[in-house]
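Reader: I should like to go through this model with some questions about its interior and its strands. Please show the sequence and the structure before we begin.

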Amino acid sequence: MKNWTSRRSALASGAAVSAFLIASAGGGAPACAADAPAANSSEVAEVIVTAQKRSENINDVPVSVTAISGEKLDVIRSSGGDIRVLSARVPSVLLESSFGRTFPRPYIRGLGNTDFDLNASQPVSFVYDEVVLENPILKGLPLFDIDQVEALRGPQGTLFGRNTPAGVLKFDSAKPTQTFGGYAQASYGTYGTTNLEGAVSGPIMPGVLAGRFSALYQHRDDWIDNTFTHQNNATGGYDEYALRGQLLFTPNEQFTALAGAHYMHLDGTPQIFRANIIQPGSNDFVPGFEPDKIAQDAQPRSTQKVELSGANVKMTYDFGGPVLTSITAYEHAKVFSRGDIDGGFGAVFAPPSGPGLIPFPSESADGLPYHAQWSQELRLAGARDALTYTLGAFYFFEDVKIDSFDYNTLAGGAEDGFARQHQKTNAWALFGNADYKLMADWTIGGGLRYSNDQKDFSAQRYISPIGGGPIGPLTANPSSDDVSFNVNTTYALNQDVNLYARIAKGYRAPSIQGRLLFGDTISVATKETNMSYEAGVKGDFFERKVRMDADVFYYRVSDLQLTAVGGGANFNRLINAEHADGYGFEFNAEARPVDRLVLTAGLSYNHTRIDDPNLATQPCGAPCTVLDPPGALPGTVNINGNSLPNAPRWVGNLTAGYSIPVGTGEIFAFTDWAYRSKVNFFLYESTEFSSDYLLEGGLRIGYRAEAGKWEAALFGRNITNHISLEGAIDFDNLTGFINDPRTWGVEVKTIF
């Protein structure tokens, strides 16, 4: 995909690619949990993770894991970024969304789900403060006042349960402290992008009760002109705020209780779909494409409103060795999102129409009028001599209602279609995990988890937009159980370097799709399992000036759940592929070659392949160039051998930070770059519905006072203004959506 950029930006982009390749070849690495501009230290700091639900040095964990500190996260999301800023910032991790700032679609090692429905099942789990967030809307909870993010690659079913065959993204917020403190930061940038964030923490009853309150406000002005309505700055903006409160109760040395509650409100713009921005016969943008202009008739009615709220309580009791932990949580979501799906105006049978060919108009909405999730985990963890163990039980319940609407754009947006889905999920599990130190330098470990899932689903169409009449209720009640496991071993070459190997099986429960606005049937995908094998090395090198880890992996998925999106109509169909294979490598490193200079880099290679000789799907309804052979049924193509959707072969990232002492403070500079190679957007392969690469860079220059008491900085995001397709809509025309353009801004921060 040729990017929309000036000649100067293209040269800068090429220079950045060269810098990334040089750094990678020289042993640099991806964004680990290093301080975001360089700290005055000649050694890499120890990184502690909780990938095995206990605190451990990242080098000792027999799992492919990358950690990103809250400080670095603040840098990469400094221009109002949402959860998608993590895309390509971690090896083998990609995130995109056809919904907007919420409903991210994550992929790890090429495994993900392109489903856009509000009950979509994803193979990457999000765990926020030890609470699983199942619904994709919940996964859009804003990142603020974060202590650390961990990306766990490969199946994590033993400790994290169902729907983790690809991996886990784990988020830990900053916790209450027994000393008073906090921070406040504010930024302002291009398009009126405003970020206000802060937290205050400290004792309420010294030694017994402490609290922390955090808040976030994000805003962007509308910045995209609508040439059809002749309105400047018509869309593209948002207002979002979020709150979090926590209380930590420590009445004695044995018992602790941490209670938290959070709320988020978004009033914004759905993903902007742009009609016919792709040149037929290529994946280039059409001549004259401008990211700050659209031509849509339904845009004035587009809206997106999201409310998320939740509460949780974590209690621990120390029996003088074994520690009992209970985590009880409730999550709630309410959503309504309406948008112009065809991305243009009019239709060929109702001129004027455009841009390009608009076979028919499409304007629709989805909503969650009701959503509730309850979860409960109990676990007992301890150690005895050479044995470390965790035993536990888990329960999960979700009740969700999904409304789908269709509107007649040519009749001024009058409602002409309505359908509803209702799904209840009950799931429970028992699990155990243990490590045993055979000798001082050799540890073996493993675990088992039994999972049981039951779903009760119904769907009904009340009004058909295409004259199909009412239908339903149609029902499905799939149930399944499975045993996940992992076996691992770690061998210490010396006190700084470990070798590890891991075999793991992951599991995804059956999924249901019943979007009946245009279809007359529901589809069910049976359970999916993933057998994964990996081996790697982790350690500190050159007198702790370098931390590095690298791994190789291979996996084979059985009954892979896939979503056949689009085709000739705007609905989804779930299918199972007999198998899919993936293999590759991942590399992380952090280096502090001299005082005040920090370098990090990361690189991954993923090769994915669908292995099912009889698997076929319907290709694009738009006039695209399909590259797959015909399927057995007319109107289908065979997709055996294709790579998985949104599965780039290469992902790389690079950061560099340097500071210079000035008086009692310092001037600092920090740059970060993220790259992903070519992706196909759908199960079938076509010339048009793909993106050759995406490269985004950031820059931050500022002054930090003594002890970091305050700082002021100038920042830029996507500084080369590289614009690329991030996804497409294939049922009507050559419609696509893109990444954000370049932004510049200023930020101030104080710590107290």
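Reader: Leaving aside its neighbours within four places in sequence, which residues is Thr235 in contact with?
Author: The model is a predicted one. Thr235 is found in strand S14, residues 231-235. Beyond the neighbours within four places in sequence, its contacts are Asp222, Trp223, Ile224, Thr269, Ile272, Ile294 and Gln299.

Reader: Is Thr235 buried or exposed?
Author: The relative accessible area of Thr235 is 5%. A residue counts as buried under 20%. Because 5% falls under that cut-off, Thr235 is buried.

Reader: Which strand gives the most residues to the largest nonpolar core?
Author: The largest nonpolar core has 78 residues, and those with the most contacts inside it are Leu86, Ile137, Phe171, Leu562 and Phe689. The strand that gives the most to this core, with 6 residues, spans residues 546-565 and is S32.

Reader: How many residues does the other core have, the one that includes Leu152?
Author: This core lies apart from the largest one. Among its members are Leu152, Leu159, Phe160 and Val168, and its residues number 14.

Reader: Why is strand S43 largely enclosed by the rest of the structure?
Author: Strand S43 covers residues 725-729. The strand is largely enclosed because, of its 5 residues, the number buried is 5.

Reader: Which residue in S44 stands opposite Gly727?
Author: S43 and S44 (residues 735-738) run antiparallel and are joined by 4 bridges. The two strands form a hairpin, with 5 residues between them. Opposite Gly727, in S44, stands Phe737.

Methods
Residues are numbered from 1 along each chain as its sequence is written. This is a predicted model: local features need pLDDT of at least 70, side-chain atom pairs count only at pLDDT 80 or more; totals for chains, interfaces and linings use all residues. Side-chain values use heavy atoms; hydrogens and water are left out. A nonpolar core is a set of buried Ala, Val, Leu, Ile, Met, Phe, Trp, Tyr and Cys residues joined through side-chain atoms within 4.5 Å. Buried means under 20% relative accessible area, exposed over 50%, partly exposed in between (1.4 Å probe, protein chains only). Two strands pair if DSSP finds at least two bridges between them. Contact means heavy atoms within 4.5 Å.
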